[in-house]
Amino acid sequence: MDSKANDYHMLFFPFMAQGHMLPLVDMAKLFGAHGARITILTTPVNASIIRPTIDDSVHLHIISFPSVEFGLPEGCENRIFPLSIDLRKNFYEAVASLCHPFDVVLRDLRPDCVVTDMFLPWTYHVAAARGIPRLVFHGINNFSLCTMDAYERCYSLVGEAESFVLPGLPHRIELLKTQAFDLNKLAGTPMEFLKEIFKEMNEVEPKSYGTVMNSFYELEPEYVDHHREVMGRRVWNVGPVSLCNQDVTYKSARGGEQPTLASECLKWLDKKSRGSVVYICFGSKGLFSVAQLKEIALGLEASNHSFIWVVQNGENYWFPDGYDERIKGRGMVIRGWAPQLLILNHIAVGGFVTHCGWNSSLEGICAGLPMVTWPLFAEQFYNEKLLVEVLQIGMGVGSKVHDVNPETRPIIEAIVVEVAVRNLMGVGEEEDERRRRAKELGEKARRAIEKGGSSHNEIEKLIQELINWRKHV
Ligand code: UDP
């Protein structure tokens, strides 16, 4: 690396939602490990989440968040905070109001470049006005971005068809209309405002310096190439970023420090045999109806496998009578936030039931685990396609309808959950082959960020290119 790397100052500005903030903080740490000087810009509540996972080499710069001014509860600075659907727009408006403080920060800190989330498209204009290059952080992978692009292009042709094949992609990807991540479905709902944000996002992304992706070349080579060559984007794949958290303390504190729970999980897992536990988690926003929770509970119980199940439902729990007693010793239910990286990487864990959020999917890949895929909304159905059809390390539970509302989402029955878990954890030619592929991908993931690995090289190349860019302006 050029000796100037350590005076190259990168400012990272994450969107305040766990699925966006955690990977961008990890990415910042990775660039720091390559010699760049790092500042992370955030707000007080988010700073308290980030602080236990960084060391002194990373500078946290804090600006206040106008929750109350925008009609939000005090302290509501992260999308993990439960908000009624009517208040979600206020959250995004409060975020966008950070435009001026962001400009003041750029004026005062004068970073050489900024890396900002896709949900902060206005940062492009602020940075451009100060002559600072902006890199976009996408919380998702190349495959999903290519799929979304293909969907846009065929949207008007889909008509009434129930399913359709996405045109021009390296694989034959067939999608049900109900699985598509289609912003047009938001028309007339309180979430319609998202369409405007996506519009702005799509306008400024091609003008930005480029895109940094939490992925690695060997995982989806055809789609990295497609993203670059067919969609014409300047893309650097620098992940899997979560692998920067090798230290147990960082793994347990990621997303919320809970040392007691982390040590309880470890103690519980230490007693289980290798690969015998299934981990079930639906990300930071995976809420379910009470009826669906009951089916999951019964399905897990009937599977006869040991499990850790994370339930994010706030106070809205429902478990069958005597459930806790019946699963005692075999099942652990975590209500709220779990130390996911710690659990996934424990030797006792042998399978992952996931909602297919990209971070969770990639963390499962890094841990070398086969998965049951249970997408709910956003681009999760596309990630499922990647895991099940392209990488062949996952199998679908049968979720077919993109629906953010847990109350209207079709129910997956206990028997289906039971069979899926049995297949995931079972032995047989197909199961072993899936396991072998998952393990192999996990090894490739680790190699990608090691010295000489593809992502390692991409980071070096990008920093060097940015340094050269600075010399010429
Ligand atoms: N996560 C965690 N504990 C939890 C739930 C989620 O550590 O109980 C982390 C998980 O490791 C991942 C992120 O939160 O890094 C969730 O991102 P993802 O893209 O999987 O899903 P989202 O929450 O955005 O739907």
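**Exercise 1. Surface and overall form**

What does the accessible surface of the protein come to, and what percentage of it belongs to carbon and sulfur atoms?

*Solution.* The model is a predicted one, in which local features need pLDDT of at least 70 and side-chain atom pairs count only at pLDDT 80 or more, whereas totals for chains, interfaces and linings use all residues. Residues are numbered from 1 along each chain as its sequence is written, and side-chain values use heavy atoms, with hydrogens and water left out.

Step 1: by the Shrake-Rupley method with a 1.4 Å probe, where for residues only the protein chains shown count as cover, the accessible surface is about 19,300 Å², and carbon and sulfur atoms hold 52% of that area.

Step 2: the radius of gyration, taken over C-alpha atoms, is 22 Å, which agrees with the value near 23 Å that a compact globule of 473 residues would have under the rule of 2.2 Å times the number of residues to the power 0.38.

Step 3: of the 473 residues, 59% count as buried, that is, under 20% relative accessible area, with exposed meaning over 50% and partly exposed in between (1.4 Å probe, protein chains only).

**Exercise 2. Cysteines**

Find how many disulfides the structure has, and explain the result for Cys99.

*Solution.* Step 1: with a disulfide taken as a pair of cysteine sulfur atoms within 2.5 Å, a search of the whole structure gives zero.

Step 2: Cys99 cannot be bonded because its sulfur lies 19 Å from the closest cysteine sulfur, that of Cys113, which is too far.

Step 3: Cys113 is likewise in no disulfide, the nearest cysteine sulfur being that of Cys244 at 17 Å.

Step 4: in accessibility, Cys99 is partly exposed at 30%, while Cys113 is buried at 0%.

**Exercise 3. Backbone exceptions**

Locate the cis peptide bond that ends at Pro240, and describe the positive phi values of Ala378 and Gln392.

*Solution.* Step 1: most residues other than glycine have a negative phi, and most peptide bonds are trans.

Step 2: the bond from Gly239 to Pro240 is cis, with omega near 0°, and Pro240 sits in the loop between β9 (235-237) and α9 (248-253), where helices (H or I, at least four residues) and strands (E, at least two) are DSSP runs numbered from the N terminus.

Step 3: Ala378, with phi of about 50°, belongs to the loop between β14 (371-373) and α15 (380-390) and is partly exposed at 21%.

Step 4: Gln392, with phi near 55°, lies in the loop between α15 and β15 (394-396) and is partly exposed at 37%.
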